[in-house]
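Thanks for asking me to look this over. Please have the sequence and the structure open side by side as you read.

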Amino acid sequence: MKGNGALGVLAVLWLAVLFAAPLLGPGRLDLDAALASGSIDATILWQMRLPRVLLALVGGAALAVSGTAFQTLFRNPLAEPYTLGVAGGAALGAVLALHIGEWSGFGGLPAVALASFAGAAAVGATLVALARTERGADSATLLLAGIAISLSCSALILFIQYQTDFTRSFRMVRWMMGGLVVVGYREVGWVAPWALAGSLFLFARRWGLDLLLAGEEVAASRGLDLDRVRWSVLAVVSLMVGSLVAVTGPIGFVGLIVPHMLRRFVGHTHGLLLPACFLGGGAFLAVADLAARTVMAPAELPVGVLTALMGGPFFLWLLLRRRTPLA
Amino acid sequence: MRLCADGISWSVAGKRILAPLSFEVAAGECVVVVGPNGAGKTTLLRLLAGLLAPTTGEARWNGVPYARLGRRRLARHVAYVPQIRPARIPLTVEQLVLLGRFPYLSAWQMRPSAEDRAVAFGALERVGLEGFVGRPLDELSGGERQAVFIAAALAQQTDVLLLDEPTTHLDPKHQQEVARLLLDLSAGDERAVVLTTHDLNLAARLADRVLALSRGDLVVEGPGDEVLVPARLEQVFDVPFEVVVEPPQRYVLPRLQP
């Protein structure tokens, strides 16, 4: 199964997840009651589970699409928003907001969400500024700069955690695990526009991303403006990931695993790979979240912990069973 | 059509890599740039390809400065085949050659048009690889890969073709095939071809004019039988040469030093 066929299968899978995931979970839903208004089952279905599944679908899409774009842009199979510090910046912002704890937010947005979005945007802007300096930074330099920023953010987070009191420290740790626990349509509304617009933006640049696979020198000589591609992709990914992390906390590995998994089925060209990642990333995160709220019911596992637990070993297995190298 | 370098030079961090240099290439002409390692050959090609902005001077296509053409329009007139490329490229032959159509593709078309496909397939036929369409690039030999990259540049449908050491790492048979193709592309198709090489016999065979660079300076420019002579070559490369003329071919051999 290759190419368009695989994309069709993914679309069917995506729809199946959209319809099935809200109905599944701990505690059985009575479908008739859920479809009638006013019942508890209806509230669970429409106000709790559906927004959560929708958030997983757009959030997973944002992560997988961003991961693909970064892997191509940096010509590195390990590049994703997390290795490059965008999520680290978001986490630092959130942890700072939790530490200060006075400010209650603005315009209906909680302080933690605003601060983490600002953190992601700050890191994104730093990387964009680096890419736009007069000499321009090459991709390898940008990758290393991103890693350095990511490590600095982790260090600052540890420092703040050490300074803060026990309750706040616990809330920080809990936030860092990443989850889709308290969501309504409002949160979906924060994430979805960025995820959709960002994915469309990257899709419109699919030929240029394909060219980058042949090397920057070839790409530039075919008429691709490398500097512009670098900073615009960085900016778009920062917005997509920043808005998501602001709501959910960091959810790792989706941007790494999903693109690598899907390349085996749809190949490396972005006209197919980006739509496949949009569908596959969303379905993956929705299923992971379904598992996270089911396996330990009535308790819930943060989905970030689950993706990390599954992700590491799965990725190793994927690497070891391949006959051809990944990069 | 003329490609014109007007006093172009390039410096990085105050260090001069290429001294101001002027020359012209007309359609149907083949100019070969020779010189020792570090002479500035690749820098010159990258300036002509618009990949570097010259520190002084400007490059012009048919009288239009590159800065005014813009990257995308420049790519419809000037194609470049770099020597250094990623070791692994996860594309098929067809995908890579179709991407040669990039300067003509729009974000709104879902796939390359029938014309794009026809041009790409024609380019593959031109290099004799029409049977390789669906093959992954990473499975090809060095000679085949080079031919595919030339085909991708041809798919750009440009009147200028720039090649950085196109025969390096190729066996003698593939070297000769590439040489024959390049002759055909310049003299046969009325394209302007500029290439760099360390293979002075290739230069002798292809060049209408030879540009000899050394440490960023243009040492001598002229037809092959004027530049590829022992005295000039020793001046450029700093080793003695033996030149055997057997019309129409000219064999250039570095003389072994004890």
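The points below go from confidence to the chains, and then to where they touch.

1. **Ground rules.** This is a predicted model, in which local features need pLDDT of at least 70 and side-chain atom pairs count only at pLDDT 80 or more, while totals for chains, interfaces and linings use all residues. Residues are numbered from 1 along each chain as its sequence is written, and chains are lettered from A and ligands numbered from 1 in the order in which they are written.

2. **Confidence.** The model scores ipTM 0.91 and pTM 0.91. Chain A averages a pLDDT (the predictor's confidence in each residue, from 0 to 100) of 86, and 93% of its residues score at least 70. For chain B the mean pLDDT is 93, with 100% of residues at 70 or more. Among the elements of chain A, helix α2 (residues 31–35) has the lowest mean pLDDT, 74, and α9(A) has the highest, 95.

3. **Chain A, overall.** You will find 14 helices and zero strands here; helices (H or I, at least four residues) and strands (E, at least two) are DSSP runs, numbered from the N terminus. The radius of gyration, taken over C-alpha atoms, is compared with a globule rule of 2.2 Å times the number of residues to the power 0.38. For 327 residues a compact globule would come near 20 Å, and chain A has 20 Å, which agrees. Its C-alpha trace spans about 65 × 55 × 40 Å along the principal axes.

4. **One helix in detail.** Helix α7 of chain A has twelve residues (166–177) and should span 16 Å at 1.5 Å a residue; its end C-alpha atoms are 17 Å apart, which agrees. The expected span is 1.5 Å times one less than the number of residues. Gly178(A) follows α7(A), with a positive phi near 75°.

5. **Chain B, overall.** Chain B has ten helices and twelve strands. A compact globule of 258 residues would have a radius of gyration near 18 Å, and chain B has 19 Å, which agrees. The C-alpha atoms of chain B fill a box of roughly 60 × 40 × 35 Å along the principal axes.

6. **Buried and exposed.** A residue is buried if 20 or more other C-beta atoms lie within 10 Å of its own, exposed if 12 or fewer, and partly exposed in between, with C-beta atoms placed from the backbone. Buried residues make up 50% of chain A and 44% of chain B. What about Pro247(B), buried or exposed? Pro247(B) counts as exposed, because it has 5 C-beta neighbours inside 10 Å. It sits in the loop between β11 (241–246) and β12 (249–254) of chain B.

7. **The core.** The largest nonpolar core (buried Ala, Val, Leu, Ile, Met, Phe, Trp, Tyr and Cys residues joined through C-beta atoms within 7 Å) has 185 residues, and Val97(B), Ala151(B) and Leu162(B) have the most contacts inside it. Leaving aside residues up to four places away in sequence, Leu162(B) touches partners including Leu45(B), Val78(B) and Val194(B).

8. **Where the chains touch.** Contact is set by C-beta atoms, placed from the backbone, within 7 Å. On that basis, 19 residues of chain A are in contact with 25 residues of chain B. On the chain A side, α9 (206–213) and α10 (216–221) are the elements that give two or more residues. That side divides into nine nonpolar, five polar and five charged residues. Here Ala, Val, Leu, Ile, Met, Phe, Trp, Tyr, Cys and Pro count as nonpolar, Asp, Glu, Lys and Arg as charged, and the others, Gly among them, as polar.

Conventions. Contact = placed C-beta atoms within 7 Å.
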